[in-house]
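Work through the exercises below with the sequence and the model on screen. Each task is followed by a solution in steps.

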Amino acid sequence: MAEQYDWAAIARNPKYLELKRRKRIFLFGWWIASSIYYFLLAILAAFAPELFKIKVIGVINFGYVFILSEFVMCIIVALYYTHVANKDFDRMTNELIESLHQGGAI
Amino acid sequence: MISRFITAGVIALSLTAIGYAAEPANGTPSAAVAASAPASAAQQAISATAQKPEAVKAAAPVAVNKVTPNRTITIGMFLVIIAITLAVVIWAAKNTTTASDFYAAGGGITGWQNGWAIAGDYMSAASFLGMSGLMSLYGIDGFMYAVGPAFSFIAILLVIAEPCRNSGKFTLGDILSFRTSSKPVRAVAAISTVTVSLFYLIAQMVGAGKLMQVLLNIPYRVSVMGVGFLMVGYVVFGGMKATTWVQIIKAGLLMSGTVMLAVLVMAKVNMNPFTLFHDLVNNPLIQDHVRLTLLKEAIPKEGFDYGQRFLEPGLLLKNPLDQISLGVAWALGAAGLPHILMRFFTVPSAKEARKSIVVALFINSSFFFLINIIGFGAALYLSPQLIQSIDKGGNMATLMLAQKLGGGAGSLGGDMFLAFICAVAFATILAVVSGLVLAASAAIAHDVYVNIVMNGKADQQTQVKVARITSLVVGITGVMMGLMAENENVVAFVALAFAVAASGNFPVIMLTLFWRKFNTAGVISGLVVGTVAALGLVMISPVMTYPQNVANGAKKIIVALEKKQAEGKMLDEKEIITLDKAQVVFKKNDGGTSMFGLKDAIFPLKNPGIVSVPIGLIAAILGALLFRERRAEEMFDELEVRQITGLGVSKASDH
């Protein structure tokens with residue numbers, strides 16, 4: 001690698017700290033939230049089977065709809081993350097790198 | 001030179017294949033398709049057959065029923081697929097000159113392509129054949145299995161893919177050794193990678209062998225060696241580029257086959273999903289299956305809707321803790337699988353890595369939904385009884401449905417469609433095993449040889465040469481282990497791969513990326529303790545084969561039939577055969593112990609995740625806190641800046 005970075009200095013850069021904070025809250029927040037929804041399926045199926053038997057449309061019951069909703073949840077979380085990452089995280093990263101260039105850190 | 005070698009190989013292989021095609025088909029033993037995770041979904045159904053194969057056979061001697069694809073058409077289709085993939089390999093081989101080409105396809109795979117390849121890694125023969133079978137036999141409990149694979153993408157997307165891509169180069173060892181002592185960490189990471197990949201590889205090899213044996217009457221040894229020959233060819237010559245493209249081609253074929261089958265099912269109900277569900281619930285054969293086979297109620301309960309019960313949980317998944325433990329294995333294990341991890345080094349940017357996961361998630365969600373339609377379609381148009389008469393675990397459901405909806409056995413349409421689906425299943429196994437060989441050999445060649453033996457000083461030519469030799473050795477090892485494992489319970493191998501990935505790899509990857517105080521001692525203790533805990537628990541869990549249980553099953557049959565005899569009733573011919581077989585099985589297994597000297601499982605869960613993941617995590621944290629390391633903590637800033645911003649990595653991939 002031809003270029004040398006001062007990693008410790010970047011790690012103290014306010015722009016970097018803001019990016020790190022926002023990423024961390026977003027990523028772990030959504031990971032935990034989606035995990036709760038994911039494990040809810042196995043837990044409810046085991047401990048509240050009556051709930052799964054409630055018919056929603058025709059013979060299709062809550063259990064089936066719940067399983068489908070898991071897939072929908074995964075896709076929504078993935079799309080939302082991609083949207084935020086493309087829009088905010090990438091922009092913040094580029095701004096940070098630009099400010100480093102201007103500051104002569106690179 | 002390379003192309004000449006491959007051409008010679010193809011000719012040799014074609015000759016063998018044609019030789020087998022010419023040989024008339026005769027009766028084959030019934031065998032379960034091996035579980036091959038990521039679709040460890042098929043585990044339970046298969047364990048039903050795999051755990052007490054002899055007891056089952058003794059109870060139901062129905063060797064007459066089997067799916068018989070047209071050999072000539074099927075093998076013809078195999079050869080077409082082999083020819084296409086080998087053409088890809090020849091093309092890829094010309095463009096594979098550096099280590100980056102070999103391990104990461106030179107960073108030149110787009111997000112879309114990588115998405116299809118990752119999706120392909122998830123769509124194994126077990127999800128294609130096993131999961132639809134589970135749905136056809138156990139209703140929505142089978143569908144519930146499919147949620148794990150889809151959800152596993154969330155952890156990969158949010159906390160694994162981009163950080164790993166930004167801080168590594170080719171392997172798990174690269175990431176873990178970034179701020180720790182390189183040599184010991186790389187050595188342990190390499191051992192872990194090889195362990196996980198080989199377990200997984202053996203399961204796939206055994207599955208391939210059994211599948212070919214059942215369908216085409218090709219001897220087990222020949223199929224395992226054939227698959228091994230092709231997979232070694234793909235990896236040795238084409239590296240990651242060929243492996244990725246073989247996976248993409250297979251995923252495309254698999255999706256087309258799945259869409260076609262699902263459309264044919266839906267066409268039967270005029271494209272109305274409500275009609276499908278309505279017919280399912282009101283089907284007398286399904287009602288009988290639920291009542292007699294699953295709930296074991298000889299006399300129907302007044303007013304109980306047995307058809308509706310098919311759409312309610314609890315027919316297959318009985319132990320809630322095991323369910324949650326399987327959920328943990330999926331949620332974390334898939335993210336710790338080295339062959340999945342490697343795919344994020346093949347894309348040029350974090351943005352493409354992101355895109356590839358969304359694409360893969362989308363493809364796989366659609367795939368599992370279509371598999372659900374196929375599974376329910378199989379229950380409706382074949383009946384669970386017919387499916388179970390051919391394979392207890394339901395593994396033949398997809399194939400039978402293809403034959404039926406194509407026009408029935410013996411018709412050209414039925415033969416063609418069945419042959420196509422068989423060929424797709426074959427391609428699936430080939431593609432998955434190639435990725436595994438590549439991951440294992442990358443760990444040996446890149447981590448052990450280049451970075452430990454040569455101290456990171458090896459020119460590109462040497463690196464590629466070593467990588468090719470290692471792939472050959474890993475491939476041959478895989479084939480030999482596959483041959484030895486013919487009669488082993490492959491479910492255990494799949495459970496092992498996932499348990500090790502979730503309990504060993506995942507915690508140390510997370511802590512390396514996100515915890516400042518993590519260090520060499522932490523990586524080593526986390527990987528070693530997590531792996532040992534996972535291995536140990538699987539070895540004493542119910543997924544192993546316990547001869548005493550098999551003997552007890554046979555004993556039940558003997559007692560029932562002898563009681564009948566004692567009552568003065570005559571046994572018919574079938575029952576006499578059953579009794580004889582049961583006695584043989586009983587004698588062989590009575591008093592026997594599992595591979596580890598146990599009469600019965602000590603650990604109650606099939607999936608150890610819920611216990612072994614915390615053990616691995618705690619060991620990693622304790623190790624790091626006991627042996628603090630200044631350098632690792634000081635270098636955390638660099639790793640963190642890199643993983644968050646991608647600084648320093650973009651230059652490495654464009655060349």
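Contact here means heavy atoms within 4.5 Å. The model is predicted, and every value below is computed from it.

**Exercise 1. Describe the surroundings of Arg186(B): where does it sit, is it buried or exposed, and which residues does it contact?**

Step 1. Locate the residue. Arg186(B) belongs to helix α11 of chain B, which covers residues 182-216.

Step 2. Check its accessibility. The cut-off for buried is under 20% relative accessible area. Arg186(B) has 8%, so it counts as buried.

Step 3. List the contacts, leaving out neighbours within four places in sequence. Arg186(B) is in contact with Thr171(B), Gly173(B), Asp174(B), Ser177(B), His446(B), Asp447(B), Asn451(B) and Ile452(B).

Step 4. Look for a polar contact among the side chains. The side chains of Arg186(B) and Asp447(B) make one, at 2.5 Å.

Step 5. Add a backbone distance. Ile175(B) is 11 residues from Arg186(B) along the chain, and their C-alpha atoms are 9.4 Å apart.

**Exercise 2. Do the same for Asn451(B), one of the contacts of Arg186(B).**

Step 1. Asn451(B) lies in helix α21 of chain B.

Step 2. Its relative accessible area is 16%, so Asn451(B) is buried.

Step 3. Not counting residues up to four places away in sequence, Asn451(B) touches Lys183(B), Arg186(B), His446(B) and Gly456(B).

Step 4. One of these partners, His446(B), has its backbone oxygen 2.9 Å from a polar side-chain atom of Asn451(B).

**Exercise 3. Find the largest nonpolar core and the helix that gives it the largest share.**

Step 1. The largest nonpolar core holds 243 residues. The residues with the most contacts inside this core are Trp31(A), Tyr103(B), Ile160(B), Leu176(B), Phe376(B), Met396(B) and Leu401(B).

Step 2. Helix α21 of chain B, residues 412-453, gives the largest share, with 24 residues.

Step 3. Take Tyr103(B) as an example. Beyond its neighbours within four places in sequence, Tyr103(B) is in contact with Phe170(B), Met240(B), Met342(B), Ala442(B), Ala445(B), His446(B), Gln463(B) and Ala467(B).

Step 4. Another core lies apart from the largest one and has 11 residues, among them Ala551(B), Ile557(B), Val585(B) and Phe586(B).

**Exercise 4. Characterise the interface of chain B and chain A: how many residues does each chain give, and what area is buried?**

Step 1. Count the residues. Chain B gives 54 residues to the contact and chain A gives 55.

Step 2. State the area. About 4900 Å² is buried between the two chains, and carbon and sulfur atoms give 77% of that area.

Step 3. Count the polar links. There are 3 salt bridges between chain B and chain A. One of them joins Glu640(B) to Arg24(A), with the closest N and O atoms 3.0 Å apart. Polar contact across the interface is found for 13 residue pairs.

Step 4. Name the elements. Those of chain B that give two or more residues to the side touching chain A include α8 (140-145), α9 (147-167), α18 (350-381) and α29 (636-645).

Step 5. Sort that side of chain B by class. It has 35 nonpolar, 10 polar and 9 charged residues.

**Exercise 5. Summarise the fold of chain A: how many helices and strands does it have, and in what pattern?**

Step 1. Chain A has 4 helices and 2 strands.

Step 2. Along the sequence, the pattern of chain A is α-α-α-β-β-α.

Step 3. Chain A has 106 residues, of which 42% count as buried.

Step 4. Among contacts in chain A with a separation of 6 or more, 66% are between residues 24 or more positions apart.

Technical notes:
Residues numbered from 1 in each chain as written. Chains lettered and ligands numbered in written order. Predicted model: local features only at pLDDT ≥ 70, side-chain atom pairs only at ≥ 80, totals over all residues. Heavy atoms only, no water. Buried area = accessible area lost by both parts, 1.4 Å probe. Salt bridge = Lys/Arg side-chain N within 4 Å of Asp/Glu carboxyl O. Polar contact = N/O pair within 3.5 Å; in protein donor to acceptor, adjacent residues only side chain to side chain. Nonpolar A, V, L, I, M, F, W, Y, C, P; charged D, E, K, R; others polar. Core = buried A, V, L, I, M, F, W, Y, C linked by side-chain atoms within 4.5 Å. Buried < 20%, exposed > 50% of the residue type's maximum accessible area, 1.4 Å probe, protein only.
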